Every structure is written in C-alpha cells, then in structure tokens.
Amino acid sequence: MADCFRPQFTGFSFRLACKGVACALVIGCSSVIALADDRPQRAGDTGYGMALYEYHQGNFFQALTRLNLANAEGGIAGHGDHPLLVEGGLMLGYGMTREAQTLFQNLLDEADVDPETRNQAWFYLGKVFWLEDDAAASSDALERVDGDLLEDTDEALYHEWLYLKGQWLLGQNDAPNTAGPLGDLVEQLPDNSPWRWYLSYNRAVQRLAGGDLEGAIVDLSDLIDRAMPVDDLPSATADELLALEQQARLSLGRLYLGQGEFEQAMAVLENIPLDGMLSDQALFDYAVAASRHGRNGLALQALETLQSRPLFTPWLQQVPYARAFTIEQMDQPGSALDAYRAAAEHYVALDQRLSAEQAELDEQRLVNALAFIREGETDQNAAEPALGESAMLTDSYGRVQVRPQDFSLAELLAGEPFQLALRDLHELYRLEHSLDQWRRQLASFDVMLDTRRSRRETRIRETREALAELDADQWIAQQAEFRRRIEQATDENDAAFFMTNEQRALKQQLDGVEENLASLPDDDSTREQRRTYERMRAYFNWWVADEFSVNRWAAVKQLRELDDAMDTFVSQRQLMEQEMASDARLDEFADRIRRKEQELAQVDQMLDKALAKTRQQLVTQVQTELASQRREIAGYLRASRHAQARLADQLFLSEREANVVEPAGTGLEGADE
Amino acid sequence: MMMTLRTVQRLIAVQTLINRQVLCFLCVLLFSSVPASAQDASDESAEEGSVALSVEELKKKVIRLNRDLFILEEDLLFPASTQFAVFLSLDTGQFLKLDAVKLKLNDDTVASHLYTDRQLKALQRGGMQRLHIGNLKTGSHEVTVFVEGMGPDNRAYKQAATLQFEKGTSTAALEVRIRDRSSNYQPEVAIVEWE
C-alpha cells in the first residue's frame with residue numbers, strides 16, 4: 001500500500017514545491033493588489049515605501065529590516081494592518097515560517113482588525129500550516145476564510161485558496177466522498193488558471209494511486225484536451241502550461257503502457273516534442289512501448305537517439321543496458337554482446353568517477369558541480385556568481401536558480417531537501433556578508449569617534465586659549481567695580497558722576513575758562529567776562545542737578561544690561577566648561593558601538609555553527625545520493641556482465657555445435673568461419 | 001512562474017518512480033537499492049528540522065541586529081537636527097519608462113541612479129527609493145532633479161524639477177514624485193516636501 005501512495009504523495013510535494021514560485025509571487029502581487037484594485041497606491045510612509053521597494057525586488061532580508069526599522073521608529077502610518085500582511089508574506093518568502101505563523105496568529109488575536117485583512121490573515125495562516133505539513137490546522141484556517149470576500153479583495157488569492165482546499169481534499173484519500181466537492185472546486189477555477197491545471201493533474205494522480213486507472217486516464221485526457229494554445233496565455237504562464245501538458249501526455253502514455261495498451265501509449269508519447277523538456281523520458285517510454293509491442297526496430301531507434309545525448313540524469317543510466325537488451329531481443333546476439341560489453345565498460349567508468357567524487361566531496365566541489373545564475377545574465381562566459389552573492393537569481397521563496405553541471409547531482413538537485421539546504425547555505429552566506437559589512441562599518445565608527453574626540457579636544461584647547469586671551473575674569477571684576485561706584489554715587493547724590501558726555505565736555509570747557517580767568521588780572525577788562533562765566537557756571541550746575549535723576553537712571557539701566565550680558569556670558573561659559581569636562585554623547589555612542597560589536601560577535605558564532613551544519617547537511621545528502629547511484633550502477637553493471645556472460649556462453653555453444661555438426665558436411669567451410 | 005530547468009528536473013524526479021515501476025520488465029535486477037530504515041529517515045528529518053529552526057532563529061537575530069545597526073548609523077552619521085533625505089516614487093507606467101535620475105543639491109550632484117527592470121517594477125508597485133541621505137544645515141536650499149527615460153511614442157524624455165525649501169532644525173524629507181498626467185498624456189515630475 002505504501003508504494004501505491006508514494007507516487008501521489010511525491011506528486012503533491014512536487015506540486016507544492018513547483019508552485020512555490022507562484023505562491024510567493026501571488027503573495028507579492030496580492031499585497032500590492034490589496035492596496036488598490038487597479039494600480040498600486042503611493043506609500044503613505046517613507047519607511048513602508050522603502051520596505052516595499054526591497055520587497056518587490058525580492059530582497060526579503062532588506063525588506064524585513066526596513067519594516068523592523070519603520071516599526072522601531074514609531075510605526076507605519078496610514079496603512080492599517082496591511083504592513084503586517086506584507087511582513088508575514090516576507091517571512092514566508094524568507095523561510096521564516098514559524099515567525100510568520102506567530103505574526104498571523106497575533107494579527108488574528110487583535111480585536112480591531114478590518115474584515116479584509118482578517119480574512120487574508122486566515123488564508124496566509126492556512127498556507128503557513130500547509131507549508132509546515134500540518135494539514136488539519138491548515139484546513140481549519142482555510143475554512144475560516146470568507147471565499148466571497150477574498151474573491152472581492154483579491155482574485156488571485158481566491159484562486160489559490162480554492163487550490164489549497166482542493167489539495168486538502170486530495171490529502172484525505174477518500175475519493176468516493178471528496179470527488180464531488182473536488183470537482184466543484186476545479187470548476188470554480190478559470191480555464192487559464194495554473195491552479196486549475198495542477199489540481200486537475202493531482203486529482204488524476206490520486207485516482208491512479210487509488211487504483212482508478214480509467215478515471216486517471218479520463219482526467220489526463222481532459223487536461224490535454226483543455227490545454228489552450230500557448231499564444232492565448234499570458235507569457236508568465238505559457239511555459240508552465242506547456243510543461244504541464246507534456247507532463248500529462250507522459251503520464252497518460254505511461255498509464256497506457258502499464259495497461260498493456262502499447263499502441264495507444266506510443267500514439268500519446270509521439271506527441272511530445274523531441275526538443276521538449278520531457279523528451280528523454282518520452283523517448284525511453286516510447287522505446288519500452290515499442291519493444292513490448294514487438295517493434296524492436298523503433299525501440300532501438302529511440303534508445304539510439306537517447307544514447308547519442310548526454311546521459312544527464314541518473315535514471316538515464318539504464319539506457320546502455322536497455323539498448324543492449326533490445327538488440328538481443330532483435331536476435332542479434334553478436335551485436336548484443338558488444339552492446340552489453342560497452343554498457344559494462346560505461347558502468348565501470350561511471351562507478352570509478354562517482355567513487356572519486358565521493359572520496360573528494362567537500363563544499364567547494366559541490367558548489368563547482370552547480371551552475372548558479374545571476375540576475376539579468378545573458379553572457380554565457382561571464383564569471384559564475386558565488387553563493388551568498390546578492391545578484392544571484394532566486395525564486396520567490398529564496399531558492400537559488402541553479403543548474404547541475406554534474407549529471408550525478410541532477411536528481412538530487414530537483415529534490416526539496418537539497419533545494420532548501422542550498423537556499424539556507426546561500427542565505428547564511430548573505431548574512432555573513434552583511435555581518436562583515438557591519439563589522440567594517442563599526443570599525444569605521446570607532447575611527448570616526450576617535451577622530452571626533454580628537455577634534456573635540458583641539459576645539460576645547462582653542463576655546464580655552466580664546467577665553468584666556470579675553471581675560472574674562474577681569475570683565476567680571478570691572479562689572480563689580482562699576483556697580484560699586486554707581487551705588488556709591490547714588491548714595492552720595494553725586495550728580496557729577498552721572499553727567500552725560502555732553503555735560504562732561506561742557507564742564508571741561510567751563511573749567512578751562514575758569515582757569516584762564518584765574519590767570520588774568522581782576523580789572524574792568526575781565527569783570528564782564530567773570531560775570532558771564534559765573535552765570536554760565538550757575539546755569540550748568542542747575543542743568544546737571546536737574547538732569548541728575550534721568551542720568552542716574554540711564555546709568556543704572558546700562559548697568560542692568562551689563563549684568564544681563566554678563567549673566568549670559570557666565571552661564572554659557574559654565575555650559576562650555578561642562579561640555580569640555582564631559583564626553584557624554586560620544587561615550588554613549590562608544591557604548592552602543594561596543595555593545596553592537598559584542599552582539600555581532602555572538603551572532604557570528606551562531607552563524608558559523610549554522611554554516612557548518614548546513615554544509616554538512618548538503619554534503620551528507622550528496623554522499624547519500626552518490627552512494628545510492630553507485631548501488632544502482634552496480635546493479636546495471638551486474639546485469640550487463642551476467643547478460644554478457646550468458647550471451648558469450650550462448651555464442652560459444654552455438655559455435656561449438658556448429659563445429660560438431662560440421663564434419664558431416666564439407667568440413668573446411670566451418671573452420672574458415 | 002517561468003519554467004526553469006529546475007522545474008523540469010522536478011518533473012523528472014516525480015515521474016522517476018512511475019518510470020521504475022513500468023520498466024521492471026527490462027531490468028528487474030537493476031533496482032536493488034536498499035531503502036533507508038525508518039529510524040534513519042526520522043533522524044535525518046529531525047536534524048533537518050533543527051537546522052531549519054536554528055537558521056530561522058539566526059535570521060531573526062540578524063534582522064534585529066541589522067535594524068539596530070541602521071539606527072546607530074543614522075544617529076551617528078545623520079543626526080535628526082541636520083538629516084536630509086530625498087525619496088523617489090513612481091506612479092506611472094503608461095507615459096514614462098524611467099531610465100535614470102540625477103539629483104542636485106545647491107548645484108552639487110549628490111545622487112544619480114540607473115534603473116534595472118526589477119527596480120522599476122518595485123517602484124511601480126508602490127515601492128519608494130531613498131535616493132539620497134545626508135546632512136544639511138538650517139536655511140534656504142535648492143534641490144533639482146533630472147529625469148530621463150522613454151516617454152510617449154517611445155521618444156526620449158527628459159525633464160527637470162526644482163524646489164527651493166527651508167531646512168529647519170528637524171529632519172527634512174523630500175519626495176521626487178513621477179506620475180502620469182492624463183490631461184496631456186505626459187509624465188509629470190514634481191518635488192514635494194514631507195511633513
């Protein structure tokens with residue numbers, strides 16, 4: 001029973017893996033589609049806008065960092081809970097399914113989430129559980145999705161939802177009860193939707209697994225009949241449909257083959273193009289069908305075509321043996337013996353190569369056996385990108401776009417565990433590069449802080465020198481002296497002290513006149529002048545006394561202004577002294593840098609461990625694969641040698657029989673042959 | 001949803017099992033591989049799970065660290081009082097295929113960028129590019145942006161926009177906004193201030 005279910009399970013796993021690209025693209029598209037029906041809405045928050053910019057380029061790590069940054073700097077305004085859906089989608093794409101699960105669950109626990117977002121969160125949660133292989137939880141979450149609302153909000157998500165529900169029904173392995181609902185789901189999907197094709201195909205695989213061969217044939221035939229002309233499809237899905245159509249033909253051909261309907265099998269397989277992606281399998285199956293149908297010439301022709309191609313995948317290694325077998329079936333023992341001998345030599349050489357590869361396998365050799373693809377790369381001679389390089393092309397789930405350069409890895413490379421481990425290794429190298437950059441950046445911050453400290457010290461020294469030159473303490477003493485004298489003059493009502501400049505000039509003139517008059521004789525010629533002087537002096541004294549209050553007020557006002565200026569000067573000076581005495585801001589930065597350097601070192605250690613584990617995982621997978629291939633090749637080799645020995649015996653015996661019979665004939669003719 | 005060789009290889013992998021069943025008549029002896037025991041498979045799966053878990057945990061830590069380091073970098077290099085940033089958004093698609101942008105601040109070129117298809121798509125889907133971040137003192141400044149691309153009817157398109165603005169004591173952010181103008185079927189380039 002287990003074997004019966006295995007192909008179907010593998011089919012489902014494959015389907016899910018294959019749709020990985022599409023799934024994440026749909027998440028990507030839907031996030032934006034949900035912002036507006038027809039075209040994207042402008043980001044209302046620069047942090048969110050930058051996150052979307054990275055997100056839509058597939059830079060999940062940078063996008064998640066940007067979202068984290070925006071959240072740390074006060075959150076994202078104006079987009080409701082939508083950024084959370086985007087973050088969850090990013091986490092799914094970045095392989096953080098557990099974090100995505102927590103995020104969607106937290107979102108659903110919130111009370112004030114709008115119905116559309118809640119609905120999509122249920123969908124994504126269902127998808128997370130599906131990716132985690134928790135079918136029951138996935139079904140529970142998907143059942144909570146309001147299909148009509150999802151269809152109105154985002155049609156692409158709605159189609160994926162139908163597909164996931166269909167997949168769940170298929171997983172129940174209860175064909176009699178699930179056939180009806182499953183058929184309804186398929187019918188709800190539009191003809192040109194890839195989800196419909198995959199669901200239909202998987203239904204056929206399930207029927208096959210359940211022993212319903214007729215049903216599987218009907219489903220596959222229907223899928224082939226419904227295949228739309230590639231020109232009528234969007235370019236994004238045309239290739240996918242073409243591949244699925246060929247896959248359906250191959251599967252149908254194999255079903256006919258299994259049922260012994262060889263002619264029909266050949267007719268179906270003939271329609272798979274020779275330059276198509278599945279032509280190797282089709283040719284081999286065609287050879288099998290032709291051989292079983294007694295048309296060994298056609299079978300050999302197909303096998304010869306295969307033999308002329310590079311035997312790229314491990315399963316194709318059976319071609320040399322099958323070719324020899326077919327020649328034997330054509331009753332050509334001599335040629336068959338040569339073919340078996342060639343097959344055995346091929347297997348020996350292959351085993352030696354695999355053995356050497358196994359012995360020398362390390363990460364570098366493994367990476368050398370893979371051809372990575374760089375974004376927008378058209379030059380075949382361009383240097384290959386290395387793991388961890390950001391320009392390396394990845395799918396929407398972060399899996400690197402890679403082709404095997406060594407055929408022995410082809411099948412392993414197609415498997416999900418290897419893909420995931422390779423993705424992890426690539427991501428870990430990217431993280432390592434990112435941490436390296438930060439390490440350099442932090443070192444430059446250290447240099448920067450040192451420079452700032454040094455410049456600060458220079459400025460402090462210059463400031464101190466400038467202050468010393470200004471002799472600021474003397475200013476304060478002078479201010480105190482001014483105050484004392486003004487107060488004293490006020491107390492003594494010393495009008496002369498508060499005289500204005502004009503009054504002082506006049507007083508000086510009067511004093512000069514008085515001095516001149518004193519030196520002149522006191523007679524009639526000077527009497528009139530003395531009287532004039534006394535009148536002027538009397539007027540001057542009255543004027544000074546009269547303006548005493550005004551002048552005193554002006555002096556006090558100036559003193560207050562001086563006080564204020566001196567207060568400002570003193571407080572600024574104190575502040576400057578404080579600044580000069582303490583490095584608080586620079587110290588805080590230095591502290592933050594030191595803490596981040598410590599964190600960086602811790603994460604580095606974790607990264608090294610994770611890298612070592614992932615490397616080991618990959619190498620172990622390859623070792624296991626190579627060992628398995630060697631076992632298979634040993635089987636082919638054994639069979640080839642057995643057949644070789646058998647045919648050699650057979651030829652020897654028939655030759656001997658011919659020699660024994662010969663004496664009864666002409667005798668000499670047999671010896672010549 | 002491009003069909004890559006990897007997808008094809010997966011198709012191959014899926015069918016291999018069926019293949020092997022069908023082809024037994026040819027080489028029964030050949031399929032002698034020994035299946036791994038259930039215990040081995042379980043250990044392997046647990047090991048894979050633990051690696052995946054530690055990788056996920058590590059990613060989470062690095063994202064947080066990355067965030068903190070970005071904040072530290074901004075605080076250190078671009079303090080809020082002098083920070084000045086220019087963003088670019090694209091609300092267009094019909095009338096302009098953006099090729100390049102050059103940004104001048106007070107007659108000095110501070111940023112220039114050539115766009116890849118992937119970056120353009122990201123902008124068209126609502127993304128916002130930070131074209132420039134730096135420090136600027138308070139006072140009056142002038143920023144000019146030069147936009148080049150393919151305009152309507154596949155004609156080379158060039159346009160510039162200028163904005164005089166006052167930089168205060170808090171962070172200043174401008175946005176170069178390129179959008180379709182349906183009134184004259186031309187793209188429009190404007191620089192707006194973020195509050």
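Among contacts in chain A between residues at least 6 apart in sequence, 66% join residues at least 24 apart; contact here means heavy atoms within 4.5 Å. This is a predicted model, in which local features need pLDDT of at least 70, side-chain atom pairs count only at pLDDT 80 or more, and totals for chains, interfaces and linings use all residues. Residues are numbered from 1 along each chain as its sequence is written, chains are lettered from A and ligands numbered from 1 in the order in which they are written, and side-chain values use heavy atoms, with hydrogens and water left out.

## The two chains

Let us start with an overview. Chain A contains 28 helices and 2 strands, while chain B has 3 helices and 8 strands. Helices (H or I, at least four residues) and strands (E, at least two) are DSSP runs, numbered from the N terminus. If you follow chain B along its sequence, you meet the pattern α-α-β-β-β-α-β-β-β-β-β. For chain B, residues 24 or more positions apart account for 64% of the contacts with a separation of 6 or more.

The table sets out burial and surface. Buried means under 20% relative accessible area, exposed over 50%, and partly exposed in between (1.4 Å probe, protein chains only). Accessible areas come from the Shrake-Rupley method with a 1.4 Å probe, and for residues only the protein chains shown count as cover.

| Chain | Residues | Buried | Exposed area | Share from carbon and sulfur |
|---|---|---|---|---|
| Chain A | 673 residues | 48% of residues | about 33200 Å² | 50% of the area |
| Chain B | 195 residues | 47% of residues | about 9400 Å² | 50% of the area |

How confident is the predictor in chain B, and what is its mean pLDDT? The mean is 77, and 72% of the residues of chain B reach 70 or more; pLDDT is the predictor's confidence in each residue, from 0 to 100. Over residues 1-41 of chain B the pLDDT is below 50, and this stretch has 99 contacts in the model beyond near neighbours in sequence.

## Two sheets in chain B

Strands of a sheet pair through backbone hydrogen bonds, either parallel or antiparallel. Two strands count as paired if DSSP finds at least two bridges between them.

One open sheet has 4 strands in the order S4-S1-S7-S8 of chain B, with mixed pairing. Strand S4 (128-135) and strand S8 (186-194) of chain B stand at its edges with a single partner strand each, so one side of each lacks a neighbour in the sheet. From one strand to the next, the twist averages 15°. Within this sheet, strand S1 (residues 83-91) and strand S7 (residues 172-181) of chain B pair in the parallel sense over 8 bridges, and Leu88(B) stands opposite Val176(B) in S7(B). Chain A joins in here: helix H3 (residues 46-55) of chain A packs on the sheet and touches S1, S4 and S8 of chain B. The direction of helix H3 of chain A makes about 125° with that of S4(B); axes are lines fitted to C-alpha atoms, for helices over the stretch in contact, and angles run from 0 to 180 degrees between N-to-C directions.

The other open sheet to look at has 4 strands in the order S3-S2-S5-S6 of chain B, with antiparallel pairing. Its edges are S3 and strand S6 (156-167) of chain B; each has a single partner strand, so one side of each is left without a neighbour in the sheet. The twist again averages 15° from one strand to the next.

Strand S2 (residues 97-105) of chain B takes part in two pairings described here. With strand S5 (residues 139-150) of chain B, S2(B) runs antiparallel and is joined by 8 bridges; Ala100(B) has Glu148(B) as its bridge partner in S5(B). With strand S3 (residues 108-114) of chain B, S2(B) pairs in the antiparallel sense over 6 bridges. Leu103(B) stands opposite Ala111(B) in S3(B), and Leu105(B) stands opposite Asp108(B). S2(B) and S3(B) form a hairpin with 2 residues between them, and Asn106(B) in the turn has a positive phi of about 50°.

## Cores and a buried arginine

In soluble globular proteins, nonpolar side chains tend to be buried together. A nonpolar core is a set of buried Ala, Val, Leu, Ile, Met, Phe, Trp, Tyr and Cys residues joined through side-chain atoms within 4.5 Å. The largest one has 157 residues, of which Phe104(A), Phe123(A), Leu370(A), Phe418(A) and Leu422(A) touch the most other members. Helix H27 (residues 584-661) of chain A gives the most to this core, with 19 residues. Apart from this core lies another of 30 residues, among them Val101(B), Ala111(B), Leu120(B) and Val147(B).

Finally, is Arg456(A) buried or exposed? Arg456(A) counts as buried because its relative accessibility is 19%. This residue is found in helix H22 (residues 416-470) of chain A. Leaving aside neighbours within four places in sequence, the contacts of Arg456(A) are Glu579(A), Met580(A), Ser582(A), Asp583(A) and Leu586(A).
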